[in-house]
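Me: I'd like a close look at one part of this chain, starting from a single residue and working outwards into whatever surrounds it. Could you take me through it in one go, at bench-chat level?

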Amino acid sequence: MITFYQAVMRPAWTALEQRRGPEVWRRSQRRYASAVLGPSFEEVVRQWAVRFAAPETLGGIAAEASPAVLVDPVSRTSLELDLVALGEPPFGDGPRPLLAVGEVKWGRTLGLADLDRLARARDLLVARPGLDARDTRLLLASGAGFTDDLWAASRYRSDVLLVDPTRLYTAD
């Protein structure tokens with residue numbers, strides 16, 4: 001993970017030595033948000049999934065959560081997933097439950113296009129051997145909120161989880 005120093009201070013060290021801190025901060029806010037706030041928020045959401053999300057929320061207890069990259073052979077593109085939450089490995093040789101795949105953004109409002117992308121990722125994972133992705137939840141987490149269309153869609157779909165900072169820091 002990139003630190004505040006690496007993202008903001010080191011590239012602007014000369015300007016900071018010249019006591020132009022406010023100017024440096026104005027120029028560095030976007031870089032700071034993408035290099036520090038975004039990855040930190042992603043990790044908070046992954047930790048929430050493993051440590052604090054109720055079993056009913058994810059459809060089981062998450063044993064681990066991490067980012068992943070999935071290749072879509074049809075479009076020949078890669079899908080970056082900010083969260084892949086796996087349940088405990090089953091006893092014996094059964095497939096491991098894939099509890100959730102997620103899109104996590106600190107400074108962007110998430111919408112239906114993000115939901116559709118996650119649904120495509122889940123469809124690709126259903127065919128993967130060793131994973132049970134039939135009941136995988138689609139988790140969208142945002143510090144900036146969600147579009148009205150996404151809120152409406154989530155009311156009618158039990159497989160869609162919307163997670164905002166309030167939900168992260170209150171009982172699930």
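Reply: Let's start at Ser 154, which is in contact with Val 160 and Leu 162 once its neighbours within four places in sequence are set aside. Keep in mind as we go that this is a predicted model. Ser 154 lies in helix H6, which covers residues 148-155. Is Ser 154 buried or exposed? Its relative accessibility is 14%, and the cut-off for buried is under 20%, so Ser 154 counts as buried. There's a more distant stretch of chain to look at here too: Leu 112 is 42 residues away from Ser 154 in sequence, yet their C-alpha atoms are 9.9 Å apart in space.

Now follow those two contacts of Ser 154. Val 160 and Leu 162 both sit in strand E6 (residues 160-163), where they point one way while Leu 161 and Val 163 point the other way. All four of these residues are buried. To get to E6 from E5, the chain passes through H6, and this β-α-β crossover is right-handed. E5 and E6 pair in the parallel sense, with 4 bridges between them. One of the matched positions involves a residue we've just met: Leu 162 in E6 is the bridge partner of Leu 140.

Leu 140 is a handy hinge for the story, as it takes us on to another strand. Glu 103 stands opposite Leu 140 in E5. E3 and E5 pair in the parallel sense over 6 bridges. So which strands does E5 pair with? E3 is one partner, and E6 is another.

While we're on E5, have a look at Arg 137, which lies in this strand (residues 137-142). Arg 137 is buried yet has no salt bridge. How far away is the nearest side chain of opposite charge? That side chain belongs to Asp 135, and the distance is 6.6 Å; a salt bridge here would need a side-chain nitrogen within 4 Å of a carboxyl oxygen, so Asp 135 doesn't qualify. What does Arg 137 touch, then, if residues up to four places away in sequence are not counted? Its contacts include the run Glu 56, Thr 57, Leu 58 and Gly 59, then Leu 99, Ala 100 and Val 101, and finally Ser 158, Asp 159 and Leu 161. Leu 161 is one of the E6 residues from above, on the side of that strand shared with Val 163.

On to E3, which spans residues 96-105 and is mostly covered, with 8 of its 10 residues buried. Besides E5, E3 has E2 (residues 77-87) as a partner: the two run antiparallel and are joined by 4 bridges. Val 101, which we saw touching Arg 137, is the bridge partner of Val 84. E3 also pairs with the short run E4 (residues 131-132), in the parallel sense and over 2 bridges. There, Pro 97 stands opposite Asp 132.

What links E3 to E4? Helix H5 (residues 112-126) does, and together the three make a right-handed β-α-β unit. H5 has 15 residues and reaches 21 Å from its first C-alpha to its last, close to the 21 Å expected at 1.5 Å a residue. Its buried residues are Asp 114, Leu 115, Leu 118, Ala 119, Ala 121, Arg 122, Leu 124 and Leu 125. A general point helps in reading that kind of list: an α-helix has 3.6 residues a turn, so residues three or four places apart point the same way. Leu 112, the spatial neighbour mentioned for Ser 154, falls at the start of H5.

For contrast, here are two residues away from the covered part. Arg 76 is found in the loop between strand E1 (62-72) and E2. Arg 76 is exposed, with a relative accessible area of 77%, and has a positive phi of about 55° although it is not a glycine. Ala 171 lies in the segment after helix H7 (165-168) and is exposed too, at 78% relative accessible area.

To put this part in its setting, the protein chain has 7 helices and 6 strands. Of its 172 residues, 40% count as buried.

Technical notes:
Residues numbered from 1 in each chain as written. Predicted model: local features only at pLDDT ≥ 70, side-chain atom pairs only at ≥ 80, totals over all residues. Heavy atoms only, no water. Buried < 20%, exposed > 50% of the residue type's maximum accessible area, 1.4 Å probe, protein only. Lys, Arg positive; Asp, Glu negative; His and termini not counted. Contact = heavy atoms within 4.5 Å. Pairing = 2+ DSSP bridges. Right-handed = clockwise from strand over helix to strand, strands pointing away. Expected span 1.5 Å × (residues − 1).
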